[in-house]
Amino acid sequence: MKKARRIFLSPPWTGEEERRAVESAFDSGFVAPCGPFVDGFESALAKLAGRRYAVAVSSGTAAIDLVMEHLGVDSSWTVVAPTLTFIATVGPACHRGAKLVFVDSDATGNVDAARLEEALSRRRGRTLVMSVDLYGRCADYGAIASVCRRHGAVFVSDSAEAVGATRAGRPAGSAGLAAIYSFNGNKIVTTSGGGAVVTDSKRLADHVRKLSSQSRENRPWYEHREVGYDYRMSNILAALGLAQLGKLPAILARRREISEFYGGFFGAESGVEMLPPVPGENHWLSVALFRSRRGRDAALSRFAAADVEARPVWKPMHLQPVFRGAETHGGEVAEDLFARGLCLPSGTGMTARDMERIGEVLRG
Ligand SMILES: Cc1ncc(COP(=O)(O)O)c(C=O)c1O
């Protein structure tokens, strides 16, 4: 019998629309990190985020790095971030020698505003708060913005996972001085690899755009007043991104269905519940919370045996060997989510047969 194919956590979902878009970018002759698709993608992203400007770049990490470069983040800065996130939220700050401070989550997994307040009230000097929209669920932008305002901290939103999400009518990425998106291969909208900065600040957008292309001055020769980066997105990838954005409503609807499928699975007596919902989430990954770490690990092993990809919730940054000893405010909630949480296969292209297979594993 033919072996069933592996079910991945969140693989790209692409088809004819994407193929045609990429071919048309290719045929247009703009096989370069500029061109009409980049402009179109940036306009579409700015609209989606409810922002004036968007700058498309080569990855979400590059987007974070560029915003930090614009701010001048260096060893005199403190960067405060939720401990429950992917390392890229703080990686660029680490390379810049900034002091890292981690903050615990609330029950939804997003940063706990009271803990954030506690962290900021102990800070002196220039401080950047990188909040995170965990697993496609917008953080409480209003609460974070007011804590940052009270303490004179800059607020930037890492909305890498939240493209297409909203909260209280505000789109993901609409808060703070700037926000970033990721279009990496496992994200809800992919350009295979890519990212963007969205902002209402013309100064920030212009500077980030310039920095992303080696900070070249507008001269016939190569003139530089500062050192930049090579982080621009290519026209071909932007074409792919535009085609994906055209399908965003269908992607969001399908991800919601998948999340509802899991929600229906875990009844009161199952000992498993879903991570508390945040209205407007994009359901990038559905996350189940088991009663104990043992239960979670047993499920993880069953998934692995069935060739189905599932993954524990992000390991908190304060538990990472590389950040041992970093100042951390709380941490118990994030540790508990890491111990009991499992990200379940959530790919837009999952078939009814895939879901049956997943159901069999879960019933086991
Ligand atoms: C929260 C978060 N921040 C940043 C990134 C970095 O994005 P990229 O992989 O596009 O560099 C990711 C995803 O990969 C992420 O999940």
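Which hand does the crossing of H2 and H8 have? I looked this up in a predicted model, where local features need pLDDT of at least 70, side-chain atom pairs count only at pLDDT 80 or more, and totals for chains, interfaces and linings use all residues. Residues are numbered from 1 along each chain as its sequence is written.

**Helix pair.** I found the crossing of H2 and H8 to be left-handed (the near helix is turned anticlockwise from the far one by less than a right angle). I took helices (H or I, at least four residues) and strands (E, at least two) as DSSP runs, numbered from the N terminus. The axes of H2 (residues 36-49) and H8 (residues 235-246) come within 8 Å and cross at roughly 40 degrees; axes are lines fitted to C-alpha atoms, for helices over the stretch in contact, and angles run from 0 to 180 degrees between N-to-C directions. H2 is therefore oblique to H8 (neither under 35 degrees, nor over 145, nor 65 to 115). I listed the H2 residues in contact with H8, among them Phe37 and Phe41 (C-beta atoms, placed from the backbone, within 7 Å).

**Sheet.** I traced eight strands in an open, mixed sheet, ordered E1-E9-E8-E5-E4-E2-E3-E13; strands pair if DSSP finds at least two bridges between them. E1 (53-57) and E13 (327-329) are the edge strands. I counted five bridges between the parallel strands E4 (residues 127-132) and E5 (residues 154-158). Serine 131 stands opposite serine 157 in E5.

**Helix on sheet.** I noted that H7 (residues 202-212) lies across E1, E8 (178-182) and E9 (195-199), at about 15 degrees to E1.

Definitions and conventions: Contact = placed C-beta atoms within 7 Å.
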